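The following exercises concern a predicted model. Each task is followed by a solution worked step by step.

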Amino acid sequence: MSTFMADGRSYYNSVRNDFGSLYPHPGMRMAGRYKTIEGEYLIEENATMATAVTIDTMGINSTAYRYQLRLANLNNKQGKTMSIKNPMTGAKSAVTHTQWGLVFNDDDQGNYCAVVLSCDNSTPYDDITDERTMQVSLVQVSNGEKTVKASVILKKGVSLEDDLNNLSVDVDERNVIVSVGKDELNQVLEAPISRPIGTVRVGYLTGPGARVAIERAVLTINNDQQVVATTTAWTLETLDAYFEQSADPVEGYWTYLDRDMEEEWLRLGGRYTLAIVRADDGYDIIYIDGAQVKKSMWQPGMKKGHITRTLFTGNYNLSWIDATMEPIDDDAYATVENGVILTLNFPEYKSQVRFAKAINPE
């Protein structure tokens, strides 16, 4: 298994940030499904016959990552029966063993892997011999077909009713490790599962009749090119001090001015405030504020791009990191006019964005 956890960047979703990219549609109501924030929890209830899968909008390009949820199934009480129905026909039925869990390696084409939890009693009507257990199943869904890759039965170390459990997966190119526990994580499963090529996503699932409460979701991405490309040592304080000493007209804070974009090609990720600082053969572009797309991913001081000098004064080759942390550099270029207007040009996408020089980031 990969040892990627030595260095990584974590993205937290909790009530403190309205569950960020895990909760893109506040107050979502669908036939038989309801999702909201109640107190400290993200709640999703599923009264339909189909498993509900909720995917985080953040894409993962790293080859290795960890995804951890602290969650509970509030409808996991012993002896509790939940009513569900088919939203198309209205036909009703009942379910006693509701399922919930974690989703990973979702390829945005309906294919994904999941760790599914469910509890049962051996002899529910015999207080002497009855034993309640949790089944942890690692499943893969491909082209609508579900395959159980591994499974284990747990009798201790986990909440067997409606309290919170910690659930996590450690994923790399070829393998996955599953850990679960009420108070601390314990490895319970390991199986060979190939990570799909390209961007993948994570999330959670709410089985028929389940009511899932999530307290916290943490995504930790391997400290590879995706993370290194967006991490710098700059802070607002160090930038302020640096700019006070700088006489370079390009360096400083720049604020969003306007845009001319073909939105079927490229969309604005936010009304950004940026800082530009001298680096290598040009300047680094540092994110300060204003992200609207993937807002929870971006923190002040992260690298947003780089401009490289050319033979022509005021013209630069541009490498840009978009809102989803994907690079854009094909034929992109930047211009600085009179030290007060910065234009980022993306001719391949028939778009440009302009920024104006500012005294400070406010």
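**Exercise 1. Aromatic pairs**

Task. Determine how many aromatic pairs a search of the whole structure finds, and classify the geometry of the pair formed by Tyr256 and Phe355.

Solution.
- Step 1. The search of the whole structure yields nine aromatic pairs.
- Step 2. The ring centres of Tyr256 and Phe355 are 6.4 Å apart, and the limit for a pair is 6.5 Å.
- Step 3. Their planes stand at 85°. Angles over 60 degrees count as edge-to-face, so the Tyr256 and Phe355 pair is edge-to-face.
- Step 4. In sequence, this pair links distant parts of the chain: Tyr256 belongs to strand β18 (residues 252-260) and Phe355 to strand β26 (residues 351-358), 99 residues apart.
- Step 5. The cut-off for burial is a relative accessible area under 20%. Tyr256, at 15%, therefore counts as buried, and Phe355, at 1%, is buried as well.

**Exercise 2. A second ring pair**

Task. Assign the geometry of the pair Tyr283 and Tyr316, and state in which strands the two residues lie.

Solution.
- Step 1. The centres of the two rings, Tyr283 and Tyr316, are separated by 6.1 Å, and their planes meet at 80°, so this pair is edge-to-face.
- Step 2. Tyr283 is part of strand β20 (residues 282-291), whereas Tyr316 is part of strand β22 (residues 315-321); the pair links distant parts of the chain, 33 residues apart.
- Step 3. Tyr283 and Tyr316 are both buried.

**Exercise 3. A ring cluster and a charge**

Task. Identify the residues that ring pairs link into a cluster, and find which residue lies over the face of Trp298.

Solution.
- Step 1. The cluster joined by ring pairs consists of Tyr272, Tyr287, Trp298, Trp320 and Phe346.
- Step 2. Over the face of Trp298 lies Lys304, at 4.7 Å from the ring centre.

**Exercise 4. The largest nonpolar core**

Task. Which residues have the most contacts inside the largest nonpolar core, and which strand gives the most to this core?

Solution.
- Step 1. The largest nonpolar core comprises 74 residues, and Tyr67, Phe104 and Leu138 have the most contacts inside it.
- Step 2. Strand β17 (residues 211-222) gives the most to this core, contributing five residues.
- Step 3. For Tyr67, residues up to four places away in sequence are set aside; its contacts then include Leu22, Leu102, Val103, Leu167, Val169 and Val202. Ala217, Val218 and Leu219 are also among the residues that Tyr67 touches.

**Exercise 5. Surroundings of Asn165**

Task. Is Asn165 buried or exposed, and which backbone atom does its side chain reach?

Solution.
- Step 1. Asn165 is located in strand β13 (residues 165-171).
- Step 2. With a relative accessible area of 1%, Asn165 is buried.
- Step 3. Its side chain reaches the backbone nitrogen of Ser159 at 2.8 Å.
- Step 4. Beyond residues up to four places away in sequence, Asn165 touches Leu69, Arg70, Leu71, Met134, Val158, Ser159, Gly181 and Lys182.

**Exercise 6. Two positions compared**

Task. Describe the accessibility of Val139 and of Glu161, together with the location of each residue.

Solution.
- Step 1. Val139 lies in strand β11 (residues 132-142), whereas Glu161 lies in the loop between β12 (145-154) and β13.
- Step 2. Val139 counts as buried at 4% relative accessibility; Glu161, at 26%, is partly exposed.
- Step 3. Val139 and Val115, 24 residues apart in sequence, have a C-alpha to C-alpha separation of 6.4 Å. For Glu161 and Thr133, 28 residues apart along the chain, the C-alpha atoms are separated by 9.7 Å.
- Step 4. Residues up to four places away in sequence are again not counted. Val139 touches, among others, Tyr112, Cys113, Ala114 and Val116, while Glu161 touches Asn73, Asn76, Lys77, Gln78 and Arg132.

**Exercise 7. The whole protein**

Task. State how many helices and strands the protein has, and what share of its residues counts as buried.

Solution.
- Step 1. The protein contains two helices and 26 strands.
- Step 2. Of its 362 residues, 49% count as buried.
- Step 3. Among contacts with a separation of 6 or more, 57% are made by residues 24 or more positions apart.
- Step 4. The protein exposes about 17800 Å², of which carbon and sulfur atoms supply 47%.

Note on methods:
Residues are numbered from 1 along each chain as its sequence is written. This is a predicted model: local features need pLDDT of at least 70, side-chain atom pairs count only at pLDDT 80 or more; totals for chains, interfaces and linings use all residues. Side-chain values use heavy atoms; hydrogens and water are left out. Rings of Phe, Tyr and Trp (its six-membered ring) pair if their centres lie within 6.5 Å; planes under 30 degrees apart count as stacked, over 60 as edge-to-face and the rest as tilted. Helices (H or I, at least four residues) and strands (E, at least two) are DSSP runs, numbered from the N terminus. Buried means under 20% relative accessible area, exposed over 50%, partly exposed in between (1.4 Å probe, protein chains only). A charge sits over a ring if NZ of Lys or CZ of Arg is within 6 Å of the ring centre and within 35 degrees of the ring normal. A nonpolar core is a set of buried Ala, Val, Leu, Ile, Met, Phe, Trp, Tyr and Cys residues joined through side-chain atoms within 4.5 Å. Contact means heavy atoms within 4.5 Å. A polar contact is a pair of N or O atoms within 3.5 Å; within protein, one must be able to donate a hydrogen and the other to accept it, and residues adjacent in sequence count only if both atoms are side-chain atoms. Accessible areas come from the Shrake-Rupley method with a 1.4 Å probe; for residues, only the protein chains shown count as cover.
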